[in-house]
Structure formats: structure tokens, C-alpha cells
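Morning, everyone. I've got one structure to walk you through today, so let me put it up on the screen.

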Amino acid sequence: MDVNDPVVALDHVHKKYGSFTAVHEANFSIGRGEFFAMLGPSGCGKTTTLKMIAGFEQPTSGRVLLEGQDVSQVPPHKRNVNTVFQQYALFPHMSVFDNVAFGPRSKKLSDSEVKKRVTEMLHVVRLDEFSERKPAQLSGGQQQRVALARALVNLPSALLLDEPLAALDLKLREAMQIELKRIQREVGITFVFVTHDQGEALTMSDRIAVMSEGRVEQVGTPENIYARPESLFVAGFIGSANLLPGVIASSGGELVVELQGGNKIAVLANNVAPGASHETGGRVTVMLRPEQISLGQQGDITVRVTDSVFQGSSVRVVGRMNDNTEITALVSVDPSHKTPAPGDNLYMSWHPQAPYVLDGWPDTAGSNSTNVDSIEATL
């Protein structure tokens with residue numbers, strides 16, 4: 001992966017349909033050999049952005065660059081990119097071999113070159129022994145790998161994938177996440193992947209662009225976006241988070257945030273998102289990830305347990321603080337200790353590095369994994 005050698009670049013791209021703006025000021029690049037995800041809820045503009053890269057839509061303003069060339073007005077068939085959609089659109093009457101060979105044959109390559117390319121690509125996607133089968137004789141995961149092989153065999157500058165795993169069941173989808181990343185590493189081609197599934201993006205991507213309402217909220221590595229979100233939307237959309245609104249009580253070597261219920265949380269000075277207030281009285285939100293919280297007989301805050309959900313290796317404990325704000329902790333199962341039960345009063349604590357401050361207050365305070373309405377609003 002070389003982010004300093006961009007294969008795809010969006011230069012201040014806008015897309016409008018009449019008075020509606022689908023994409024606002026998309027301005028980022030995608031490096032050679034990078035697995036890049038565009039992540040966000042339905043209607044956020046990610047598929048529209050992908051279509052502009054593919055050539056199925058043209059930007060209202062700004063430029064789409066491919067290998068350094070402006071292709072904003074170039075039709076799809078003249079761009080060196082291929083797209084894989086949710087529906088694989090395999091030719092049902094053709095064998096796996098002939099499906100994959102369709103592209104090279106269309107380019108009038110020699111029979112020997114076609115055979116060489118198709119054989120190599122079927123080996124990459126682990127379908128060597130299925131070359132004579134028809135698509136109807138394959139599983140969903142196998143059909144998807146045929147679609148990938150067909151899209152990759154012409155060696156495009158970038159492969160564009162529009163939620164290709166959405167039609168698969170959970171276990172197969174999880175297996176295909178690993179398989180897709182393996183294939184991308186092996187062929188070394190830039191992948192641009194659209195999804196609304198945070199887990200998919202975090203599992204497979206080198207970098208992620210998080211989008212909301214047509215705007216790119218943040219571009220960064222999965223680790224950076226998860227640990228250091230730059231907005232309340234990103235903090236709430238990526239994984240589970242406790243978003244606790246408050247005001248800055250004091251600042252200096254660290255910030256002290258007083259929550260609405262009166263509890264105070266110390267935050268290290270370098271754990272503050274860009275644009276967040278540092279001034280006494282400033283409105284901020286403290287983010288605590290559930291897995292960063294531990295339970296005990298002493299700690300930073302007290303809660304009354306309202307729910308305790310066994311999840312195999314861990315227990316998700318939901319409690320309410322003194323102002324009735326919900327907060328969630330994800331703790332390891334410990335056979336030597338009693339599992340928290342509804343009605344228990346417990347202390348919650350965390351490492352000094354855990355609290356992270358964002359600017360402003362969230363629409364819904366507390367845990368983002370227990371409020372059905374707020375979860376639905378992000379999907």
C-alpha cells in the first residue's frame with residue numbers, strides 16, 4: 001500500500017440532484033494497493049461517490065482523477081476500473097471459466113493469454129476445481145469469488161465493490177471478509193469498498209472514509225477512527241460507545257469534565273478531538289468505550305445495574321448513573337466472581353487513557369448500544 005501514490009483522487013467533488021446535494025466537498029485520495037472503505041448509513045452518499053469513481057454518475061463540480069488523469073467526463077467503459085455489485089450478474093449459461101474469460105476475450109487477447117490469466121485468477125480465488133461448473137451449481141460465497149475473479153482478470157487500476165457481502169448469511173459474510181482481504185493482498189490491486197457495516201470496514205480496510213448526510217466526516221485508519229473519532233457522529237457510529245455530556249470544570253495538564261449528574265471525569269490533554277473546547281464551561285462529551293470499563297467495589301462512578309447479558313466470553317452490563325443516564329460495560333467472564341445482576345450497585349472505573357473528549361453534546365446521552373431509536377437512525 002502506498003498512500004503517497006494515489007490511484008483514485010476526488011478533488012473537491014460535489015454531486016447535486018436538483019436542489020438536493022448528495023455529496024458535499026468530497027476531497028480525498030486512495031493509494032495504490034490500498035483497501036479503502038467508504039462507510040456510513042443508508043443515504044449518506046457513499047454509493048453515489050462510488051458511482052462517480054466508476055463513471056456511472058458525473059460530478060456537478062470538482063474532478064475525479066484516475067492514475068492522475070481527470071476522468072470526470074469519461075464513460076465507464078473507458079475507465080480502467082471494474083465494479084462488483086450486490087447482485088453478481090454472472091452469465092448463468094456459461095461455465096465459471098467462461099464467465100471469468102469474458103473480459104479478456106472481449107479485449108481480443110490470444111487464447112493462450114486468456115487461459116493463462118483465467119487459470120491464475122481462479123487459483124487466487126481458490127476455484128481451480130470448479131472451472132467447468134455453472135453458477136447455479138455454486139454456493140453464494142463461491143459465486144461471489146467468481147464475480148471477483150471476472151472483475152480482476154483484466155487487471156484494473158481499482159476494483160470498486162458496492163456492498164458485495166450484504167446478501168450472504170452472517171458466518172459466510174465473516175469468512176468472506178477475511179477471504180476478500182487475502183485476495184486483495186495477493187493481487188495488489190486497489191480495492192474501494194462501500195458498506196454500512198462498521199465491523200466489515202474495521203476488519204478489512206487499511207483506511208476508512210466515514211460519511212454522513214453527504215459529507216466525509218473523517219478519513220483515517222480503523223484504529224485511529226475507533227480510538228480518536230473527530231466528531232460525535234463518528235464516535236457513535238463506529239462501534240459501541242458511552243457518550244456522556246458535560247462541561248469543562250477545569251483545564252491545564254488535563255481536562256476535568258463535570259457530567260450532567262455531577263460526576264467528574266479527568267481527561268488527558270492529548271485525548272481531545274480537534275475543535276473540542278478547552279475553556280472552562282465549554283460543552284463537551286466524554287466518550288468511553290464499553291470494553292475500557294471495569295467493575296468493582298470501588299471506582300470512579302457508581303451505577304445501578306439494569307441489565308446483564310451473557311455473550312460467551314464476555315458479559316455486557318448495562319447500568320444507570322445517578323442522573324439516570326445509561327452506561328454500558330463489556331467485561332470478561334470470570335468464573336471466580338458473581339455475574340452482575342439487575343439491582344446490583346457497582347462501581348465503574350477505567351484507565352486514565354480511556355476517556356476521550358469531543359466537541360458538543362450528543363442527541364442522546366449515554367450508551368449508544370441500548371437506544372433502539374438512535375440505532376435505527378444511523379442505519
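I'll start with the overall picture, then go through the cores, two helix pairs and a few single residues.

Okay, so first thing to keep in mind: this is a predicted model. The protein has 379 residues, and 49% of them count as buried. On secondary structure, we've got nine helices and 21 strands. If you take the box along the principal axes, the C-alpha atoms fill roughly 75 × 50 × 35 Å. And for the contact-order people: take the contacts between residues at least 6 apart in sequence, and 67% of those join residues at least 24 apart.

Right, the cores. As a general point, nonpolar side chains in soluble globular proteins tend to be buried together. Here, the largest nonpolar core has 35 residues, and the ones with the most contacts inside it are Val118, Leu122, Leu159, Leu161, Leu180 and Phe191. Which elements give two or more residues to this core? That would be α2 (96-106), α3 (111-124), α4 (140-152), β7 (158-162), α5 (170-187) and β8 (190-195). The largest share comes from α4, with six residues.

If you want to zoom in on one of those, try Val118. Setting aside residues up to four places away in sequence, Val118 touches Phe97, Val100, Ala101 and Val153. Apart from this core there's another one, with 27 residues, including Ile248, Ala276, Leu288 and Val303.

Now, α4 shows up in both helix pairs I want to talk about. Quick reminder that two packed helices are described by the angle between their axes and the distance between the axes.

Pair number one is α4 with α5. Their axes are 11 Å apart, and the angle is about 20°. Angles under 35 degrees count as roughly parallel, so that's what we call α4 and α5. The crossing is right-handed. On the α4 side you have Gly140, Gly141, Gln144, Arg145, Leu148 and Leu152, and they meet Leu172, Met176, Glu179, Leu180, Ile183 and Val187 of α5. By class, that contact splits into seven nonpolar, three polar and two charged residues. You'll recognise Leu180 there, since I listed it among the residues with the most contacts inside the largest core.

Pair number two is α2 with α4. Here the axes come within 7 Å and cross at roughly 30°, so α2 and α4 are also roughly parallel to each other. Again, α2 passes α4 in a right-handed crossing. The residues involved are Val96, Asn99 and Val100 from α2, plus Val146, Ala149 and Arg150 from α4. That contact has four nonpolar, one polar and one charged residues. Val100 should ring a bell, as Val118 touches it too.

Let me finish with some single residues. Thr48 sits in helix α1 (residues 46-54). Is Thr48 buried or exposed? Its relative accessibility is 16%, so it counts as buried. Beyond its neighbours within four places in sequence, Thr48 is in contact with Lys15, Tyr17, Ala22 and Val23.

Then there's backbone geometry. Most residues other than glycine have a negative phi. Glu213 has a positive one, near 50°. Glu213 is in the loop between β9 (207-212) and β10 (215-220), and at 64% relative accessibility it counts as exposed. Asn324 also has a positive phi, near 80°, and you'll find Asn324 in the loop between β17 (314-320) and β18 (326-332).

That's it from me, happy to take questions.

Note on methods
Residues are numbered from 1 along each chain as its sequence is written. This is a predicted model: local features need pLDDT of at least 70, side-chain atom pairs count only at pLDDT 80 or more; totals for chains, interfaces and linings use all residues. Side-chain values use heavy atoms; hydrogens and water are left out. A nonpolar core is a set of buried Ala, Val, Leu, Ile, Met, Phe, Trp, Tyr and Cys residues joined through side-chain atoms within 4.5 Å. Buried means under 20% relative accessible area, exposed over 50%, partly exposed in between (1.4 Å probe, protein chains only). Helices (H or I, at least four residues) and strands (E, at least two) are DSSP runs, numbered from the N terminus. Contact means heavy atoms within 4.5 Å. Axes are lines fitted to C-alpha atoms, for helices over the stretch in contact, and angles run from 0 to 180 degrees between N-to-C directions. Angles under 35 degrees count as roughly parallel, over 145 as roughly antiparallel, 65 to 115 as roughly perpendicular and the rest as oblique. A crossing is left-handed if the near helix is turned anticlockwise from the far one by less than a right angle, and right-handed if clockwise. Ala, Val, Leu, Ile, Met, Phe, Trp, Tyr, Cys and Pro count as nonpolar, Asp, Glu, Lys and Arg as charged, and the others, Gly among them, as polar.
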